[in-house]
Amino acid sequence: MAVEYWRWKEYNWHDPELDPRAAQVLSGGVDVGSVSSQAVIMADGKLYAYSNMRTGSDSPESARKAMEWALEGTGLAIPDVHFVVGTGYGRVNVPFAQRAITEIACHARGANFMYGPVVRTVLDMGGQDCKAIHCDDKGKVQAFLMNDKCAAGTGRGMEVMADLLSVPIEEVGSLSLSVDEEPPPVSSTCVVFAKSEASGLMRAGWPKNRVLAAYCSAMAHRVCSLLDRIGMEKEFAITGGIGKNAGVVSRLEKELGVKALKTDMDSQIAGALGAALFGRVLYVKSKE
Amino acid sequence: MLANFGYKDGSGDFFITVDTDGCVKCADHPCIAACPAGVLEIIVDDYDDTVCAVKDGHRKRIKYSCAPCKPATGRPELRCVAACPAAALAHSW
């Protein structure tokens with residue numbers, strides 16, 4: 001069987017120190033993206049459990065699997081969660097969600113929780129699209145721009161490149177940073193063009209790290225132009241899977257001239273986390 | 001909130017911007033009837049505001065949907081923009 005270099009590791013986690021049965025409100029968020037799905041459970045506003053897995057061909061099934069995996073080992077089942085909000089590309093296909101909210105609002109709210117109220121610009125680099133968001137100190141969206149017409153500047157584009165170069169997706173960023181000198185970026189217009197350009201560079205004898213550096217640089221440049229359109233405030237954070245790619249993040253920071261805010265939390269769960277935070281507020285409101 | 005609907009591709013930036021803070025104050029939303037291509041619709045956004053938005057089906061082809069209102073020469077004021085009493089609509093191209 002061929003090695004799937006694009007295939008990233010799926011995982012789940014829960015906090016063994018927290019007793020969910022003691023919580024007054026258990027809220028859940030499910031972010032069904034085009035490439036990955038995340039589920040988050042919060043107990044009275046504290047992060048309790050989450051999962052991150054690939055989205056399958058069936059959105060409702062992906063949502064259910066993500067939620068069940070997040071709840072694995074906790075003794076809880078989906079009906080135990082008081083309020084679930086669906087978000088992401090497949091948000092309207094989460095059968096057990098009481099409400100659907102766009103991933104734009106959820107990423108802003110999630111980033112506010114993860115990085116603190118200082119965050120003003122959020123760049124969500126997802127599997128299929130890229131979103132630039134401005135938010136206030138409460139995590140409410142002030143402006144947004146989404147580009148989902150082409151795969152350039154998205155996680156899927158990076159997966160294509162990992163497969164082409166036979167480099168595990170988790171190693172792409174660090175390998176791209178191992179170049180002695182920064183090469184010129186490849187085409188940032190389209191992943192198909194970028195892939196054919198990368199193939200040409202490999203035939204011309206470029207080592208893998210140099211090709212990856214050229215691609216990461218193109219991706220950083222691409223998303224910078226989105227940020228230029230909505231305006232950039234230096235308190236900025238990156239969410240989504242590409243936020244874990246040091247090669248893109250460091251080049252983005254260099255091009256923008258600012259350092260991205262750091263967090264110990266998993267940047268990929270920001271959308272589901274935001275959805276769970278909305279869920280808590282909506283549940284409390286429904287009981288008033 | 002400035003909601004940008006549209007896309008950026010190799011040929012340029014094509015976004016319709018709705019200033020929802022202005023849009024929410026308008027009850028009639030005449031922009032919707034003014035658009036000959038039926039690009040706009042009324043939605044309830046994530047913050048429960050009733051505002052105008054670009055229909056999903058037009059977001060990835062907005063350059064072409066709006067093309068009839070944008071002749072290469074002698075371009076008149078865009079009908080949707082002219083109809084908006086709150087000056088809450090703008091086109092990026």
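How do strand β7 of chain A and β10(A) pair, in the parallel or the antiparallel sense? I looked this up first. Strand β7 (residues 121-125) of chain A pairs with β10(A) in the parallel sense, over four bridges. T121(A) has F236(A) of β10(A) as its bridge partner. I keep in mind that this is a predicted model.

**Entry: the sheet with strands from both chains**

I followed the sheet from strand to strand. Seven strands form an open sheet, and the pairing is mixed. The order I wrote down is β10(A)-β7(A)-β8(A)-β9(A)-β1(B)-β2(B)-β5(B). At the edges stand β10 (236-239) of chain A and β5 (89-91) of chain B. Each of these edge strands has a single partner strand, so one side of each is left without a neighbour in the sheet. I also noted the turn between neighbouring strands of this sheet: 15 degrees on average, direction ignored.

**Entry: where the chains join**

Next I went to the place where the sheet passes from chain A to chain B. Strand β9 (residues 141-147) of chain A and β1(B) run parallel, joined by three bridges. Here I found F144(A) opposite A3(B) in β1(B).

Then I looked up the contacts between the chains. On chain B, 13 residues are in contact with 17 residues of chain A. Which strands of chain B each supply at least two residues of the side that touches chain A? They are β1 (2-9) and β2 (12-19). The largest share comes from β1(B), with six residues. I sorted the residues of that side of chain B by kind: six are nonpolar, two polar and five charged.

**Entry: helix α1 of chain A**

I turned to helix α1 (residues 59-71) of chain A. The helix has 13 residues. From its first C-alpha to its last, α1(A) reaches 18 Å, close to the 18 Å expected at 1.5 Å a residue.

Which residues of α1(A) are buried? I listed S59(A), S62(A), A63(A), A66(A), M67(A), A70(A) and L71(A). They cover an arc of only 165 degrees around the axis, which puts them on the same side of α1(A). A general point helped me here. An α-helix has 3.6 residues a turn, so residues three or four places apart point the same way.

I then checked what the buried residues of α1(A) pack against. Their partners are β1 (11-14), β2 (26-32), β3 (36-43), β4 (46-54) and β5 (83-87) of chain A. Just after α1(A) I came to G73(A), which takes a positive phi of about 80 degrees.

**Entry: β1, β3 and β4 of chain A**

Some of these strands pair with one another, so I looked at β4(A). β3(A) and β4(A) pair in the antiparallel sense over eight bridges. V40(A) stands opposite Y50(A) in β4(A). How many residues lie between the two strands of this hairpin? I counted two, and D44(A) in the turn has a positive phi of about 50 degrees.

β4(A) also pairs with β1(A), in the antiparallel sense, over four bridges. There the bridge partner of N12(A) is S51(A) in β4(A).

**Entry: E288(A)**

Last, I looked up E288(A). This residue is in the segment after α8 (270-287) of chain A. Is E288(A) buried or exposed? E288(A) has 4 C-beta neighbours inside 10 Å, so E288(A) counts as exposed. I also compared its place with that of D15(A). The two are 273 residues apart in sequence and 29 Å apart in space, C-alpha to C-alpha.

Terms used. Residues numbered from 1 in each chain as written. Chains lettered and ligands numbered in written order. Predicted model: local features only at pLDDT ≥ 70, side-chain atom pairs only at ≥ 80, totals over all residues. Contact = placed C-beta atoms within 7 Å. Nonpolar A, V, L, I, M, F, W, Y, C, P; charged D, E, K, R; others polar. Pairing = 2+ DSSP bridges. Expected span 1.5 Å × (residues − 1). Buried ≥ 20, exposed ≤ 12 C-beta atoms within 10 Å, placed from the backbone. Arc of directions from axis to C-beta. Axes fitted to C-alpha atoms, helices over the stretch in contact; angles between N-to-C directions.
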